[in-house]
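This report goes through selected helices and a sheet of one structure, with attention to what is buried and what packs against what. The sequence and the coordinates are shown first.

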Amino acid sequence: MKAAIVTAAGKTPVFGDFREPRAGAGETLITVGAAALSHLAKNRAGGTHYSAGSEFPADGAFPTFVAGVDGVGRREDGSRVYFILPSAPFGSMAEQTVVPAAQCVAVPDALDDASAAALALPAMSSWAALRERVGFVKGETVLVHGATGASGRLAVQVAKYLGAKKVVATGRDPQALARLSALGGDVVISLGQEEAALDAAYREQFSAGIDVVLDYVWGPSAERILGAAAKAGKPGLPIRFAQIGSTGGAAISLPAAVLRSSGLVMMGSGLGSIALDRLLHAVGEVLAASAPGGFAIATRSLPLAQVQSAWSVEGRVRTVFVTGA
């Protein structure tokens, strides 16, 4: 079968022939319709994601495997499903794959394969954080830090759909920020403004009351938000801070006083911090809500044969590889 094959750590996958999968006990064979090119897929293929495991043995022997962590396809009974984490060495960027049967959820008829594949992970990131980690309650105020990326834009929509009273959105791209108002962003804060103005904007919002922060940035930018939360947050009232992505850096400097002087409750949200069955439950819920919620993500569909040329392309449009195209 044709597949996107990883031949060495850090190398772009190549389009070629890979052996056909056979389902074992507890697995299901899936004919893949679409698989999204996500940061998770790229980082696991490169061995840099914290969840990358057996594909990169310590002894240096590198077995080839198929790229891709999730996708949409049909089981042998014809049912259409979203699936995640296929059984190694198989991945989602192939004509077929095998997945533990428990790692599939039904896809609503209202979503085509490419749309479902594009939406699933980025929309799930905020849905799971709100539902599974921070204990979000309808009527609370949510700050989405890094709201101009694909996941952040969906986080604004998801928070509003789930009943947020107010959504505060931060980002650097002025044009993307301007469009967030139509998606549910009640207040937008530009990260490109001078530090004094940025600090004043944060103080205003935390003084008014922020209940939840969904952070897709981390790094120095998150340090500034945490400092504002400690200084301007209401004494005794918790601010639940969920760390989801790290586009702004892998580490921060966190003074002890920030935690002692505030009601900050910090947690991570992602693979490992949420059980896989709960992540799948969140995917099922968010896919079911996509049509009624009008969740939108810019998508471009490409034949899987173009995986090499498209692998390193960056941008706000989510690339989805489709088979048979």
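## Terms and model

A residue is called buried here when its relative accessible area is under 20%. The model is predicted, and the descriptions below should be read with that in mind.

## Helix α8

Helix α8 covers residues 276–293, and because its 18 residues should span 26 Å at 1.5 Å a residue, the 24 Å between its end C-alpha atoms agrees with that expectation. Just after this helix comes Gly294, whose phi is positive at about 65°.

The buried residues of α8 are Leu279, Leu280, Ala282, Val283, Val286, Leu287, Ala289 and Ser290. An α-helix has 3.6 residues a turn, so residues three or four places apart point the same way. The partners against which the buried residues of α8 pack are two strands, β6 (80–84) and β8 (104–106), together with two helices, α2 (113–133) and α3 (150–161).

## Helix α6

Helix α6, made up of the 14 residues 219–232, reaches 20 Å from its first C-alpha to its last, which is close to the 20 Å expected at 1.5 Å a residue. Of these 14 residues 10 are buried, so α6 is largely enclosed by the rest of the structure.

Among the buried residues of α6 are Gly219, Ser221, Ile225 and Leu226, as well as the alanines Ala222, Ala228, Ala229, Ala230 and Ala232. The cover over the buried residues of α6 includes the strands β9 (141–145), β12 (212–215), β13 (239–243) and β14 (264–268), and also the helices α5 (195–208) and α7 (256–260).

## The six-stranded sheet

Six strands form an open sheet in the order β11-β10-β9-β12-β13-β14, and their pairing is parallel. The edges of this sheet are β11 (187–190) and β14, each of which pairs on one side only, while the twist from one strand to the next averages 15°.

Within the sheet, β9 and β12 run parallel and are joined by four bridges, and Leu143 stands opposite Val213 in β12.

## Helix α2 and Ser126

Helix α2, which also packs against the buried residues of α8, lies across β9, β12, β13 and β14 and runs at about 140° to β12.

One residue of α2 is Ser126, and because its relative accessible area is 0%, Ser126 counts as buried. Leaving aside residues up to four places away in sequence, Ser126 touches Leu154, Ala155, Val158, Leu214 and Tyr216.

Technical notes: Residues are numbered from 1 along each chain as its sequence is written. This is a predicted model: local features need pLDDT of at least 70, side-chain atom pairs count only at pLDDT 80 or more; totals for chains, interfaces and linings use all residues. Side-chain values use heavy atoms; hydrogens and water are left out. The expected span of a helix is 1.5 Å times one less than its number of residues. Buried means under 20% relative accessible area, exposed over 50%, partly exposed in between (1.4 Å probe, protein chains only). Contact means heavy atoms within 4.5 Å. Two strands pair if DSSP finds at least two bridges between them. Axes are lines fitted to C-alpha atoms, for helices over the stretch in contact, and angles run from 0 to 180 degrees between N-to-C directions.
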